[in-house]
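Welcome, and thanks for stopping by. Shall we walk through this one together, a question at a time?

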Amino acid sequence: MRLKIVRIITVFLFIVLALDLIYIQAFQGRKYFGLSVNNRIRVIPLEGQRGRIFDRNGEVLVENRLSFNVTVIPQDVRNQEALFSFLSQVLNVDQKRLVARFQQKRHTPFAPVAVVEDIDQRTAMILEENKFRFPGLYIQENFRRWYPQGEVGAHVLGYVGKIDSAKVEKLKDYGYSQQSIVGYSGIEEYYDQYLKGVEGGVQIEVNSRGQQVRLLGIREPERGEDLQLTIDSRIQKAAYDALAGSHGVIVVMDLDSGEILGLVSSPGFDPNIFSDEKRGREKGALILDSAAPLLNRAIKGQYPPGSVFKTVMAVAGLSTGKITTKTSFHCPGFYQLGRRRFRCTHVHYDQNIVQGLGHSCNVFFYNTGVLLGPDNIHRYAQMFGFGEKTQIDLPAEEVGQVPSRALRKKNNSDWYKGDTLNFSIGQGDILVTPIQVVRLMATLARSGQVPQPHLLKTIGDQPFVKLSAVKALKVDAAVFDIVHKGMRMAIADEHGTARLLDMKGFEIYGKTGTAQTVPTKDTHAWFAGYNLSGSKRVAFCVFLEYGGSSYYAVRVAQTFLKTLREQNIL
Amino acid sequence: MIWVFTLLIMGAGLIALYSASYHNVRVSNEVFYDQQMFAVVGILIIYLLSRVDYRFFFDAAYIFYGLNVILLVLVLVAGRHALGATRWFTFAGISFQPSEPAKLALILVLARYFAGRRPSVSLNDKDFHGGLWQDLMVPLLITGVPMLLIFKQPDLGTSLLFFGICFIMLFTSGLEYKYLLGLSACCLTALPFAWHILKDYQKDRLLVFLNPNIDPMGAGYTIIQSKIAIGSGRFFGKGWLGGTQNQLNFLPERHTDFIFSVIGEEWGLLGTLAVVSFYFVLIYCGLKIAEQVKDKFGMQLAIGIVGILTLQATINIGMVLGLCPVVGLTLPLMSYGRSSFMIFVIMIGLLLSLSKRRTIF
């Protein structure tokens, strides 16, 4: 009956399988076995080169250098003593150490064990020439990430390393495996998907002496994409030199396009540490260093902006009509609130808005703040993008913090008038990142057009265009004209807070800031502004963490800009 | 008997899986421990199910089928995309493939349907009036819906499996020979058209199956590798963890589709014939149960389970030996795969449940 038929067919199927197995394993076994043991099959991985990174002028920022590893395949070794004696001689390493490393790292009979990594080319050639005498020895080529500019580009570029388990989980569907090399921090991490190459390999047949007899198959590795950044290495270097190791940030951005021409966070680190096996110990030192060299202060440092925030206040005041060009406040050197005196840096007497900005008069802005009220200030701060990411193409950007009455209520606390006063001069709970400040400057310069800060210029051949959500602020152009005047005054006026920057060949507008931190530490020094003369119109920010008064930031800016002028970059 | 051989299969699978994941760049030992845990849970489930009356599944059949179709539609829309296909859902950290329970759903529904149409097992009922629509078209439709959805994922192997199961169950349901022949004829004539629906890589697979040397570095590579691996095992194999082809990470998917190659290389002819016989005995027992069950639903269900087991096992082993084109069917209870493992566990449990009750209800 039918079930019987099913039974018969099933038996038949299994007999076919069994027969084929017998055929392949018993009759052809020797042939296959031969293929896999006597004339052996080896797999040599071919690394897919990671994409290189260039600056806007084609200078190499990151590339791959060829490196050679000395590897041994345990199964192929005929005379271990002779092999390691030879290696010890040529490599100048103690033989016992080599053998110990070999024993420790060996895994399975056919997996190559790297006993020495990153040898120079000449040594590699010597070994390669003598390979035939020592079966089991293979010189493996791979690529190491090389950052020719060392510390200068560290925070923009990032570094590479072996993938960690958290990332493998997240990324395994995208072609990453346990052995992948991925980027950490900076462009290396942000654009890792474009940069990474695809591994290939050759399968070769070797004889018992380990010499290649036949090429069985090849899977071509794929190169990653090359990237071109908006960075100008000369500007980057000048910024790095200007900061000279002090804790701080310099960011330079093209006003109109939003292209970042330079971004330096100091202190920095040498990304080559992570690619060079021999420098492994330095990694630990970096992490434990209390100066936090791995921290990209430009996007992750959250600081009170101090007087730089007065520019936002000016726009807020004028735009809402709470103050006008005619408004004048008297500054006796302080502002009395109840029993407390909120200080100003000098006695300014009567100030209008332009003077208030140019001389950075606290009292002027205390008054403005009182008129505006914290809600308005909060609104305008948000309008200029504070408290939000700039969406620059770097990972782990922080957003800072813009205080508000609502936030206070949420924390079961109240908003006091003193808070408004602090808010008005960029102190108190408000926190910003240097990149946000640069964006602020550019927005002011362009009378409300918000640029999108970005670092990537092209991927491979394709130019990269990043669109941002917010395009223009709904503020009258006239308001900005007034603010411009104030910002120019800071440089051009004899009492301007940044008069050091009144240099030939430059037309600088800006705002200084000296932000109080904690009583036991120094203040932060800010100078942020923009330049309209020369070949490129740029916005920039110089920030010195606990650097003292803004004078120091201005001085660094001066050094920096002078260098650029001398080298004819700007 | 079923217990013994199921455990033997699971055991062999774990041993092979350990080796396959041992020095693997793509997966870690995690898969071994994962599968091990599933085996333990699975044994429990088999035991529990064997005590359950399979009639419960009769009641749930249509609902289960309906739910499954919804899941299959959903996975196409909202599923996770990996390796060029959208087959999985990820749900609070767990992922599962709806095409696996779909197999169970199909046989349950078909079994119930056939039982409803023609309750007599012996097919000697003189009062039965067959009809083209009810006896052939409706089952084809029931099969067709999930089959198409799975085909769209795309998962060629599983969707063809569905057709195979349907055919077997139609055969044992007593469909008249003329219809069966007609169906077969239709399929054969439809083949040239089907060729055009296939995607490029699926076509490649079929061409390569006919002659692996066409593409020794690409699609044919896997087959060549697999045969070398198995053949080089000869009689007694290279020993556990000693498989060279296995350890040289160029035999892809050896923890899933090609797990049998690992057995071939490391345990030789001894191992491969042993595993083949495990499956054979398991399936034979299943067939015996099918013959002895007195109700149509039970019989069809048993046939369905046996059918899936047989088809998947033989096609997978055939694939690995180069006898069949690579279609991506896993080896039941041995290949790594949570959803698949679970479903087979459930099916074994059902089989045991069937073996206990052989009287009419």
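What follows is a conversation between a visitor and a guide.

Visitor: What kind of model is this, and what are its ipTM and pTM?

Guide: This is a predicted model, in which local features need pLDDT of at least 70 and side-chain atom pairs count only at pLDDT 80 or more, while totals for chains, interfaces and linings use all residues. Residues are numbered from 1 along each chain as its sequence is written, and chains are lettered from A and ligands numbered from 1 in the order in which they are written. As for the scores, the model has ipTM 0.80 and pTM 0.63.

Visitor: Where in chain B is confidence lowest, and where is it highest?

Guide: pLDDT is the predictor's confidence in each residue, from 0 to 100. Chain B has a mean of 77, with 78% of its residues at 70 or more. Helices here are DSSP runs of H or I with at least four residues, strands are runs of E with at least two, and both are numbered from the N terminus. The lowest mean in chain B, 55, belongs to helix 10 (residues 244-247), and the highest, 88, to helix 12 (residues 296-321).

Visitor: What share of the residues in chain A is buried?

Guide: A residue is buried if 20 or more other C-beta atoms lie within 10 Å of its own, exposed if 12 or fewer, and partly exposed in between, with C-beta atoms placed from the backbone. Chain A has 22 helices and 21 strands, while chain B has 13 helices and three strands. In chain B, 52% of the 361 residues count as buried. For the 570 residues of chain A, the share is 45%.

Visitor: Which residues of strand 21 of chain A are buried on each face?

Guide: Strand 21 covers residues 538-544, and seven of its seven residues are buried. Both faces are therefore covered. One side carries A:Val538, A:Phe540, A:Val542 and A:Leu544, and the other A:Ala539, A:Cys541 and A:Phe543.

Visitor: Which strands pair with strand 21 of chain A?

Guide: Two strands pair if DSSP finds at least two bridges between them. A:Gly248 stands opposite A:Leu544 in strand 21, and A:Ala528 stands opposite A:Cys541. Each pairing is antiparallel over seven bridges, and the partners are strand 11 (residues 248-254) and strand 20 (residues 524-531).

Visitor: Which residue in the turn between strand 11 and strand 12 of chain A has a positive phi?

Guide: Strand 12 (residues 260-266) has seven of its seven residues buried. Strand 11 and strand 12 pair in the antiparallel sense over six bridges, with A:Val249 opposite A:Ser265. Five residues lie between the two strands of this hairpin, and the one in the turn with a positive phi, of about 85°, is A:Gly258.

Visitor: Which helix gives the most residues to the largest nonpolar core?

Guide: A nonpolar core is a set of buried Ala, Val, Leu, Ile, Met, Phe, Trp, Tyr and Cys residues joined through C-beta atoms within 7 Å. The largest has 116 residues, and those with the most contacts inside it are A:Val251, A:Val438 and A:Met441. With eight residues, the top contributor is helix 20 (residues 434-445) of chain A.

Visitor: Which residues does A:Val251 contact, leaving aside its neighbours within four places in sequence?

Guide: Two residues are in contact if their C-beta atoms, placed from the backbone, lie within 7 Å. On that basis A:Val251 is in contact with A:Ile260, A:Gly262, A:Leu263, A:Ala298, A:Pro434, A:Ile435, A:Val438, A:Phe540 and A:Cys541.

Visitor: Is A:Lys471 buried or exposed?

Guide: A:Lys471 lies in the loop between strand 18 (462-463) and helix 21 (477-492) of chain A. A:Val450 is 21 residues away in sequence, with 5.5 Å between the two C-alpha atoms. Because A:Lys471 has 11 C-beta neighbours inside 10 Å, it counts as exposed.

Visitor: How far apart are the end C-alpha atoms of helix 6 of chain B?

Guide: Helix 6 (residues 156-173) has 14 of its 18 residues buried, and just after it B:Gly174 takes a positive phi of about 100°. The expected span of a helix is 1.5 Å times one less than its number of residues. For the 18 residues of helix 6 that gives 26 Å, so the model agrees, with its end C-alpha atoms apart by 26 Å.
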